[in-house]
Every structure is written in C-alpha cells, then in structure tokens.
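Visitor: Please choose one part of this model and take me through it closely. I would like to know what surrounds it, too.

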Amino acid sequence: MDVSFSGILSNIEKQAPHLISSKQYTPEDLCYSLQETIFAMLVEITERAMSHCGSQAVLIVGGVGCNLRLQEMMNIMCEERGAKLYATDERFCIDKGAMIAQAGIEMFQSGTTTPWDLVTCTQR
C-alpha cells in the first residue's frame, strides 16, 4: 500500500503553464484538483489498510495532518465504516526536526545539495 506522487506531480508541473496561460484553468483550480485527487488516493489506501488489518481507527499526524480537508475526507470514510478518526491538533501535525534532519542526511549522502544562498528557513 505504498504510494508515490512523483508522476502526478511531474505531470501537473508539465501541464500547468499551458493550462493556465490558455485560461482553461486557474492556478487555484489546478491546486484544488491536485489536492482532491491525492487526498482521495490517501483515503482509499487508508480504507484498504483498515480492511486488511481489521482496524476501526485512523490517526492522522505529520505536516499534511494539519490540512482540514484531508481530515474531513478521512472522517467521512471513517463514519461510513463505523470507525473513529483521531486527528491531532497542530502541535503534533507539524514536520518534526528529526524527520527533516534525516531527510537532509539522506539527500547529502546521495549527492543532492542546495547552495546556501538558496536555503531558507521559516520557524513557527
């Protein structure tokens, strides 16, 4: 039940400039559609995992867990299954420093670096 969004993200990055410049779609339309598609995929995979494991609960954490739309979609699925959604508050739904540090180590070890003048940090 692993997922990868690289293909869908690459496609939208490729198609977006044309779709926006041709006035077929606004950036907001594309962002909303991308969010809905990815969240629907996450909900479907979560429901499949719940069925496979016999679980009656979902816990949403991490950076994306702050998104109220994802929480809403996941809650609808849970209600339909008679399950319970646990969506933590924002204190626990932000990316953790250790996760970010590990990602940095992995990138560095694979040869991926970012010049210091392009690095930004916004602390909440």
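Guide: Helices (H or I, at least four residues) and strands (E, at least two) are DSSP runs, numbered from the N terminus. Let's look at helix α3. The model is predicted, so local features need pLDDT of at least 70 and side-chain atom pairs need 80 or more, while totals for chains, interfaces and linings use all residues. Residues are numbered from 1 along each chain as its sequence is written, and side-chain values use heavy atoms, without hydrogens or water.

Start with the length. Helix α3 runs over residues 68-81, which makes 14 residues. From its first C-alpha to its last, α3 reaches 20 Å. That is close to the expected 20 Å, where the expected span is 1.5 Å times one less than the number of residues.

Now the two ends. At the N-terminal end, Asn67 acts as a cap. A side-chain oxygen of Asn67 lies 2.8 Å from the backbone nitrogen of Arg69. After α3 comes Gly82, with a positive phi near 70°.

Next, the sides. Buried means under 20% relative accessible area, exposed means over 50%, and partly exposed is in between (1.4 Å probe, protein chains only). The buried residues of α3 are Leu70, Gln71, Met73, Met74, Met77 and Cys78. These residues cover an arc of only 165° around the axis, so they sit on the same side of α3. The arc is taken from the directions that run from the helix axis to the C-beta atoms. On the other side, Leu68, Glu79 and Glu80 are exposed.

What lies over the buried side? The cover includes helix α2 (27-53) and the strands β1 (57-60) and β2 (84-87). Contact here means heavy atoms within 4.5 Å.

Take Gln71 as an example from the buried side. Gln71 belongs to α3. Its relative accessibility is 16%, so Gln71 counts as buried. Set aside neighbours within four places in sequence, and Gln71 is in contact with Ile60, Gly65, Cys66, Leu85, Ala87 and Thr88. For a far point, look at Thr122, in the segment after α4 (97-109). Thr122 has 73% relative accessibility, so it counts as exposed. Thr122 and Gln71 are 51 residues apart along the chain, and 25 Å separates their C-alpha atoms.

Now turn to α2, which holds two residues that touch α3. One of them is Glu36, found in α2. Glu36 is buried because its relative accessible area is 17%. Not counting residues up to four places away in sequence, Glu36 touches Arg69 and Met73. The side chains of Glu36 and Arg69 also make a polar contact, at 2.8 Å. A polar contact is a pair of N or O atoms within 3.5 Å; within protein, one must be able to donate a hydrogen and the other to accept it, and residues adjacent in sequence count only if both atoms are side-chain atoms.

Glu47 is found in α2 as well. Glu47 has 30% relative accessibility, so it counts as partly exposed. With neighbours within four places in sequence left aside, Glu47 is in contact with Met77 and Arg81.

Here is the picture to keep. One side of α3 carries its buried residues. Helix α2, β1 and β2 are among the parts that cover them. Leu68, Glu79 and Glu80 are exposed on the other side.
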